[in-house]
Amino acid sequence: MNIGKNKVVELCYELEVDGQIVDRTTKEKPLDYIHGTGSLLKKFEQNIEGLEPGGKFSFTLTPAEGYGEVDPDRIIDLPKEAFEVNGQIMEDLLVPGATIPLVNGMGGIVPGKVLEVNEKTVKMDLNSPMAGKTLNFTGEIVSVREATEKELKDGLHGEYVHQCNCGGDSHGDCCGHNGGCHHDGEGHGDGCCHGGEGHGNGDGCCHSGEGHGHGDGCCHGSHKE
């Protein structure tokens with residue numbers, strides 16, 4: 001069976017950036033996703049379209065085809081109150097260089113890097129760690145099958161079931177994250193607020209928003225555990 005729309009694909013890959021391997025999956029723990037549903041970068045899917053199990057791939061994505069260039073508008077100042085959990089500011093999280101999961105206006109997880117901590121504000125970089133990077137992929141297709149009706153409706157791992165629509169002006173317990181939405185995001189681009197829970201956001205390639213991946217890099221799928 002060949003890769004096409006609504007096919008469940010398992011694949012293993014290596015991602016090289018700036019001469020270093022920054023992420024990989026194996027045949028034993030592959031990345032899996034439903035093709036054509038926006039789980040992966042559009043150009044990534046285009047490059048593996050039509051392949052079948054055992055098919056190998058090797059391609060390069062430019063920043064424009066990946067996560068774009070670094071956007072200065074995504075470097076923002078948030079009030080420290082945005083990082084309150086149970087009424088207390090999580091000072092131990094606010095360390096320059098640390099990555100903190102934030103909740104955007106749509107309830108999605110956006111990893112933000114702490115650049116600077118001031119008396120009342122925190123400067124955050126919401127650009128993807130892969131922004132401005134050229135992405136070099138090599139890998140192999142492990143399996144291809146038809147997605148079930150349930151998977152198409154609920155998501156391959158039930159991710160659609162748990163989606164919520166917490167607006168940018170929400171101040172309640174958004175999406176069940178402990179910290180809620182303490183910041184309405186007005187004038188701050190993504191309208192991000194601290195979720196209060198870690199989700200394994202790092203500098204790798206794949207991220208599902210629920211701790212299955214390794215960061216907010218090029219793909220949005222899930223590594224099989």
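Contact means heavy atoms within 4.5 Å. The model is predicted, so local features need pLDDT of at least 70 and side-chain atom pairs count only at pLDDT 80 or more, while totals for chains, interfaces and linings use all residues. Residues are numbered from 1 along each chain as its sequence is written, and side-chain values use heavy atoms, with hydrogens and water left out.

**Exercise 1.** List what Leu-11 is in contact with, leaving aside neighbours within four places in sequence, and place the largest nonpolar core.

*Solution.*
- Leu-11 is in contact with Thr-25, Pro-30, Leu-31, Tyr-33, Phe-44, Ile-48, Phe-57, Glu-140, Ile-141 and Val-142.
- A nonpolar core is a set of buried Ala, Val, Leu, Ile, Met, Phe, Trp, Tyr and Cys residues joined through side-chain atoms within 4.5 Å; buried means under 20% relative accessible area, with a 1.4 Å probe and protein chains only.
- The largest such core has 20 residues, and Leu-11 is among those with the most contacts inside it.
- Elements giving it two or more residues include strand E1 (7-17) and helix H1 (42-48).
- E1 gives the most, with five residues.
- A second, separate core has 12 residues, including Ala-82 and Leu-126.

**Exercise 2.** Is Asn-127 buried or exposed, and which side chain does its side chain join in a polar contact?

*Solution.*
- Asn-127 lies in the loop between strands E10 (121-125) and E11 (135-146); strands are DSSP runs of at least two residues (E), helices of at least four (H or I), numbered from the N terminus.
- Asn-127 counts as buried because its relative accessibility is 8%.
- A polar contact is a pair of N or O atoms within 3.5 Å; within protein, one must be able to donate a hydrogen and the other to accept it, and residues adjacent in sequence count only if both atoms are side-chain atoms.
- The side chain of Asn-127 joins that of Asp-125 at 2.8 Å.
- The Asn-127 side chain also reaches the backbone nitrogen of Asp-71 at 2.8 Å.

Key
Buried means under 20% relative accessible area, exposed over 50%, partly exposed in between (1.4 Å probe, protein chains only).
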